[in-house]
Amino acid sequence: MLDIKLIRSNPEYVKERLKTRDEAYALMIDELLAVDGERRRIISEVETLKAEKNKLSKEIGLLYREGKKEEAEKAKEAVQAKNKKIEQLEKELKDIESRFNHILLSIPNIPHESVPVGEDEEDNVEIRRWGEPRKFDFEPLPHWEIGEKLGILDFERGAKLAGSRFTVMYKEAAKLERALINFMLDLHTKEHGYTEVWTPVLVKPEILIGTGQLPKFEEDLYKVCDEDLYLLPTAEVSLTNLHAGEILKEEELPKYYTAYTPCFRREAGSHGKDVRGILRQHQFDKVELVKIVKPENSYEELEKLVQEAEKVLQLLELPYRVVELCTGDLGFSAAKTYDIEVWIPSQNRYREISSCSNTEAFQARRAKIRYKTKEGKNQFVHTLNGSGLAVGRTLLAIMENYQKPDGTFDTPEVLKKYM
RNA sequence: GGAGAGGUGGCCGAGUGGUCGAAGGCGGCUCCCUGCUAAGGAGUUGAGCGGGUUUUCCCCGCUCCGAGGGUUCGAAUCCCUCCCUCUCCGCCA
């Protein structure tokens with residue numbers, strides 16, 4: 001959520017910045033300001049009436065004590081008249097307030113000045129590469145073929161149990177999944193100072209509003225039937241919202257959280273994309289990294305966050321590149337995002353395995369996460385999140401990059417003690 | 001799921017219809033005292049929103065005592081619904 005005060009005081013700036021994402025957002029700003037004006041007009045009116053009403057009510061109490069019954073009765077009638085007006089205005093206000101909130105919650109974050117302006121994926125900027133894609137002296141197979149031949153990935157039975165984009169894993173694959181989770185958690189807790197967290201994977205709607213998945217992206221989420229709960233699409237949601245509604249002490253910051261959770265996504269609108277294999281599943285494992293920091297540090301922290309995620313791939317010796325997303329490709333809540341893309345031999349290209357973002361105060365404002373400064377002021381924190389990493393995609397990358405001519409694959413050295 | 005108890009400010013805790021944003025204590029902050037520490041004394045200390053004033057220094061107002069409704073001129077206080085916590089029972093991994 002953007003700061004309404006910023007939008008009010010500098011609408012042209014906000015519009016220009018949002019246009020770098022999509023031209024259409026300028027109109028939303030105009031609409032929002034119109035609704036905001038109306039909203040404030042009604043608030044003023046209601047509050048004036050309430051002030052008068054409160055004053056009268058107090059007087060009624062005094063009149064009764066003095067035994068002036070008749071005057072009291074008269075005053076009662078006056079208050080009743082005011083109450084009628086108040087009731088009517090509050091109805092209007094409720095309506096306009098929900099429109100106001102809906103618009104404000106549907107406006108994406110302003111991209112940071114450093115973000116390259118562009119339309120889509122094509123305009124993303126490669127920042128660096130690490131490792132050399134391996135030269136195969138045989139034709140490398142896609143992971144689904146390796147997995148099926150070895151009898152460790154079972155797409156048919158996955159579909160039988162739950163439908164398309166669900167997979168069953170056996171033996172080495174299942175074990176490797178578990179090893180990767182432990183390896184990643186150990187790395188981030190022992191080397192990078194993160195606190196390990198275990199969270200619910202069902203969350204309330206207001207929690208998803210806090211991180212920006214709702215109200216706009218409901219179609220991407222699984223909702224539990226008969227209950228007002230959603231399946232977690234990423235642990236970013238539960239970790240960031242740990243401190244929703246709280247005012248933290250300055251000395252508590254920064255907070256670094258990591259959690260392994262399964263993630264659930266409907267993948268609405270990606271029909272036909274990556275249909276084979278485990279690259280895009282409705283259920284996948286992820287180790288997530290979340291940072292809650294002071295505003296002045298957040299960009300430094302973003303650079304560190306990317307490096308911490310990269311470290312996983314370096315230790316696994318998987319070639320990757322880091323890409324800076326352009327304005328048009330930026331996620332809803334993000335002010336700046338780096339994607340890490342791992343080399344996929346069968347596709348002869350890099351594919352996303354991590355996304356690291358600074359949302360600045362965008363989520364903090366929605367989730368009301370603040371801290372008290374030394375001067376005693378309550379200020380919104382900045383929140384960051386990154387995959388550290390997507391476990392299924394890491395597994396697939398290992399299967400493909402470490403594959404051998406006989407159809408098997410090696411285990412990366414650092415994982416051996418986890419197997 | 002059943003029965004009972006309860007949810008009040010950073011924490012503890014009082015308050016059963018008006019003068020309560022809320023006693024008291026703890027903690028925090030400021031000042032005084034003090035050789036250091038400890039103790040002591042005085043004061044101060046919730047959040048959001050709207051408006052004024054202008055800028056971060058105030059002033060006015062509205063809202064908030066788990067959430068949402070209701071009764072009333074007036075609700076922390078009375079009524080209803082829901083949520084959560086605790087105790088006992090049931091069930092269960």
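A polar contact is a pair of N or O atoms within 3.5 Å. In this predicted model, one such pair joins S57 to the nucleic acid: a polar backbone atom of S57 is 2.7 Å from a base nitrogen of RNA strand B.

**The surface near RNA strand B**

Two further polar contacts involve arginine side chains and phosphate oxygens of the strand, in R8 and in R370. The three pairs are set out below.

| Residue and atom | Partner in RNA strand B | Distance |
|---|---|---|
| S57, polar backbone atom | base nitrogen | 2.7 Å |
| R370, polar side-chain atom | phosphate oxygen | 2.7 Å |
| R8, polar side-chain atom | phosphate oxygen | 3.4 Å |

The strand is surrounded by 21 residues, of which R40, E47, S57, V79 and R370 come nearest. By class, the residues of this surface divide into ten charged, seven polar and four nonpolar. On the RNA side, sugar or phosphate accounts for 69% of the strand atoms within 4 Å of the protein, and bases account for the rest.

Three elements each supply at least two residues of the surface: α3 (25–65), α4 (69–105) and β13 (370–372). The largest share, 13 residues, comes from α3.

**Strand pairing around β9**

Strand β9 (residues 283–293) is mostly covered, with ten of its eleven residues buried. It pairs in the antiparallel sense with strand β8 (residues 255–264) over ten bridges, and in this pairing F264 stands opposite Q283 of β9. β9 also pairs with strand β15 (residues 382–390), again in the antiparallel sense, over seven bridges. Here V290 stands opposite N385 of β15.

**Nonpolar cores and the helices α7 and α12**

In soluble globular proteins, nonpolar side chains tend to be buried together. The largest nonpolar core of this model has 47 residues, among which L180 and I398 touch the most other members. Helix α7 (residues 171–190) gives this core its largest share, eight residues. A second, separate core has 25 residues, including I96, L105, I110 and F362.

Beyond four places in sequence, L180 touches L316, V391, T394, L395, I398 and L415. Helix α12 (residues 391–401) is mostly covered, and eleven of its eleven residues are buried. Among the buried residues of α12 are V391, T394, L395 and I398, each of which is also touched by L180. The buried set of α12 further includes the charged residues R393 and E400.

**Two contrasting positions: H188 and E121**

H188 is found in helix α7. Its relative accessible area is 0%, so H188 is buried. Leaving aside neighbours within four places in sequence, H188 is in contact with G193, Y194, T258, V287, L289, E308, V312 and G388. Of these partners, V287 and L289 fall within the residue range of β9, T258 falls within that of β8, and G388 falls within that of β15.

E121 is located in the loop between α4 and β1 (125–130). The relative accessible area of E121 is 51%, and the residue therefore counts as exposed, the cut-off for that class being over 50%. Not counting residues up to four places away in sequence, E121 touches D329 and R349. E121 and G328 are 207 residues apart in sequence, whereas their C-alpha atoms are 7.9 Å apart in space.

Conventions. Residues numbered from 1 in each chain as written. Chains lettered and ligands numbered in written order. Predicted model: local features only at pLDDT ≥ 70, side-chain atom pairs only at ≥ 80, totals over all residues. Heavy atoms only, no water. Near = heavy atom within 4 Å. Polar contact = N/O pair within 3.5 Å; in protein donor to acceptor, adjacent residues only side chain to side chain. Helix = DSSP H or I, 4+ residues; strand = E, 2+ residues; numbered from the N terminus. Buried < 20%, exposed > 50% of the residue type's maximum accessible area, 1.4 Å probe, protein only. Pairing = 2+ DSSP bridges. Core = buried A, V, L, I, M, F, W, Y, C linked by side-chain atoms within 4.5 Å. Contact = heavy atoms within 4.5 Å.
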